[in-house]
Amino acid sequence: MTQRIEDYALIGDLQTAALVGRDGSIDWLCLPRFDSGACFAALLGDENNGHWRIAPAGARTCTRRSYVGESLVLESVWETRTGTVRVVDFMPQRDRAPDVMRIVEGVSGRVEMSAVLRLRFDYGSIVPWIRRTDGHRVAIAGPDSVWLRSEPQVKTWGQQYSTCSSFTVSAGEKVAFCLTWHPSHEPRPPLVEPHEALEHTLEDWKSWSALCTYEGPYREAVMRSLITLKALTYAPTGGIVAAATTSLPEEIGGVRNWDYRFCWLRDSTMTLRALLSAGYVEEAARWRDWLLRAVAGDPADLQVMYGLAGERRLPETELPWLRGYGGARPVRIGNAAVQQLQLDVYGEVMDSLCLAREAGMPPQRQAWALQLSLLGFLESTWRQPDEGLWEVRGPRRHFVHSKVMAWVAADRAVRTLERDPTLPGDVARWRAMRDEVHREVCERGYDPVRNTFTQSYGSAELDAATLLIPRTGFLPVDDPRVVGTVDAVLSELSHQGFIRRYGTDGIAVDGLPGGEGTFLACSFWMVDVLRMMGRTDEARELFARLLAVRNDVGLLAEEYDPVARRQLGNFPQAFSHVGLVATALALAPGEAAG
């Protein structure tokens, strides 16, 4: 492990994504989809597991880097003893095949460049057969085929199962490298001209970014987060993956390493609200439609997550040949949490569809019937224990957040029927369910001695998810029980100015050894509730700290270690960026940090 998680930047084509390090190496890329096998997996192993580096000979890391305007086109600049060179990395939105394009441009002087391409299919485990064809390097193994070409052509040679090249660029000279994937049984797709592709890619992002309606004091941070959410969207279906990676650890050397290349229902309402609030109605509608397709069927079969197109089978497997980022093993693909019972997702779906309806999105005829079916199932199951929002791998419990979201499900049904009495449904029945859930949570999930809601019935542990209680409408923000909960979380779950999602001292809560970093989404929730309570100075200070955690190109992982001052967990994380957008848009202009 030579680079920190925050040393990476993201490029992508709305169907997959790559991570580019400050040293000019692409260390993670799955082709052709986010959840496909990686052909570059050095991120979770070493160079022998696949990477593609282009940098000045002998150089270590770039001098500076940035995205070009409000786009996903990355520019990395090296200032060397003999001159300055720029490398532009991007993936054009594909017509047929995915392309990774890297354009090397001389800025001043004369710079000797070095390039090494190590393709290793199936997460770094398969060395392909490589041959030359019409001036291209062609790598084939099983179902995968990759073509590499350069314009103009540069000399390449094979070395230790890698493709190497060395060339020199002077001021004004450009050399473009294009890597294209396609199924090995199909002919090579048409060639894409790299410089035209760059112009089109920049124009595509410029047009998309112009749709943003937010012009507040956090425009730069909000726009970068929205672009990241767009980059994590699987364009064919509208599904949004939680992150571009698998198994980046929540603790260096630890075992909390999960595959996040799937679509979670828990993120649905916050994502929908963030997209709508920023003016991205089309993306919100496609996410809503993905949600409806994914959850269709028997409500008893509702899952916490689905594949990019709504796939349900996501078996968890370990990859023993990868040593893990920073030695964090096991490396996992797939996610066994798909089999868990998480009652909160029923509330998330009901809340999302209620929000979509109230926002005036074009109605889906089958949506209300589906909601009634989900609510009917929840009515008979909400009293059961579950694994909860955080997907604990310990015993099931009566998690307070799960019960609150069951209340949300009933409340949104009541709200919908009150707004539109022509819809079918027994509003009195759902009011009764809502009142019963509310009464039980206040009786069993609240500790009157400590004046705080707890993580689960009868437990002493706290849970940052209880910060969402006023945002859901379960209780008003000035209720003494809410105030007490906020103060308790600040006292017991705060770590160096950030918020942990729950305590990890021991293994009783989630069934796992070790610890984890502070949870960025929970820290954004704390900003939100502090703002709602009128504690604006505290909210501003925490939001400023959170903005400072972003890396040099504005990206956030799932967690942050404030002692080591490094990001942790899968990267970039949609949940963190949704939290940033929602919090920034909620802060009034007069509440800007700084």
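In the hairpin formed by strand 6 and strand 7, where six residues lie between the two strands, Gly 69 adopts a positive phi near 55°. The model in which this turn appears is a predicted one, and the report below moves from the strands around this hairpin to a buried residue, the pockets, the cavities and a small sheet.

**Hairpins of strands 6, 7 and 8**

Strand 6, which covers residues 64-67, pairs with strand 7, residues 74-79, in the antiparallel sense and over four bridges. Within this pairing, Arg 65 has Ser 76 of strand 7 opposite. Strand 7 is also joined to strand 8 (residues 83-90), and here the two strands run antiparallel with six bridges between them. One position in this second pairing is that of Glu 79, which stands opposite Thr 84 in strand 8. Strand 7 and strand 8 likewise form a hairpin, with three residues between them. In general, strands of a sheet pair through backbone hydrogen bonds, and the pairing may be either parallel or antiparallel.

**Ala 17 and its surroundings**

Ala 17 belongs to strand 2, which spans residues 17-21. With a relative accessible area of 3%, Ala 17 is buried, because the cut-off for that class is under 20%. When residues up to four places away in sequence are left out, Ala 17 touches Leu 10, Ile 11, Gly 12, Trp 28, Leu 29, Cys 30, Phe 34 and Ala 244. As for Leu 31, it is 14 residues from Ala 17 in sequence, and the C-alpha atoms of the two are 8.6 Å apart in space.

**Pockets**

The largest pocket holds about 550 Å³ of space. Its lining consists of 31 residues, and those that lie nearest its centre are Thr 2, Gln 3, Asp 23, Asp 27 and Glu 47. Strand 3 (25-30), strand 5 (51-56) and strand 9 (99-118) are the elements that give two or more residues to this lining, and strand 5 gives the most, with five residues.

The second largest pocket has a volume of about 290 Å³ and is lined by 17 residues, of which Gln 93, Arg 94, Asp 95, Asp 99 and Val 192 lie nearest its centre. Here a helix provides the largest share of the lining, since helix 2 (residues 194-209) gives five residues.

**Cavities**

Seven cavities of 30 Å³ or more are counted in the model. The largest cavity encloses about 160 Å³ of space. Of the 17 residues that line the largest cavity, Glu 250, Trp 258, Trp 390, Glu 391 and Arg 501 are the closest to its centre.

About 70 Å³ of space lies in the second largest cavity. The residues lining the second largest cavity are Asp 99, His 136, Trp 147, Leu 148, Arg 149, Cys 178, Thr 180, Arg 188, Pro 189, Pro 190, Leu 191 and Val 192. Two elements, strand 12 (144-151) and strand 15 (174-183), give two or more residues to this lining, and strand 12 gives the most, with three residues. Asp 99 and Val 192 appear in this lining, and both are also among the residues that lie nearest the centre of the second largest pocket.

The table sets out the linings of these spaces by residue class.

| Space | Nonpolar | Polar | Charged |
|---|---|---|---|
| Largest pocket | 12 residues | 10 residues | nine residues |
| Second largest pocket | seven residues | three residues | seven residues |
| Largest cavity | eight residues | one residue | eight residues |
| Second largest cavity | seven residues | two residues | three residues |

**A sheet of three strands**

Strands 26, 27 and 28 form an open sheet in the order 26-27-28, with antiparallel pairing. Strand 26 (518-519) and strand 28 (566-568) stand at the edges of this sheet, and each has a single partner strand, so one side of each is left without a neighbour in the sheet. Strand 27, residues 559-561, is joined to strand 28 by three bridges, and the two strands run antiparallel. Within that pairing, Tyr 560 has Gln 567 of strand 28 as its bridge partner.

Methods: Residues numbered from 1 in each chain as written. Predicted model: local features only at pLDDT ≥ 70, side-chain atom pairs only at ≥ 80, totals over all residues. Heavy atoms only, no water. Pairing = 2+ DSSP bridges. 1 Å grid on protein atoms, 1.4 Å probe; cavity = no way out; pocket = protein on both sides within 12 Å on 5 of 7 lines; lining within 4 Å. Points joined across faces, edges and corners; volume = space filled by probe spheres on them. Nonpolar A, V, L, I, M, F, W, Y, C, P; charged D, E, K, R; others polar. Buried < 20%, exposed > 50% of the residue type's maximum accessible area, 1.4 Å probe, protein only. Contact = heavy atoms within 4.5 Å.
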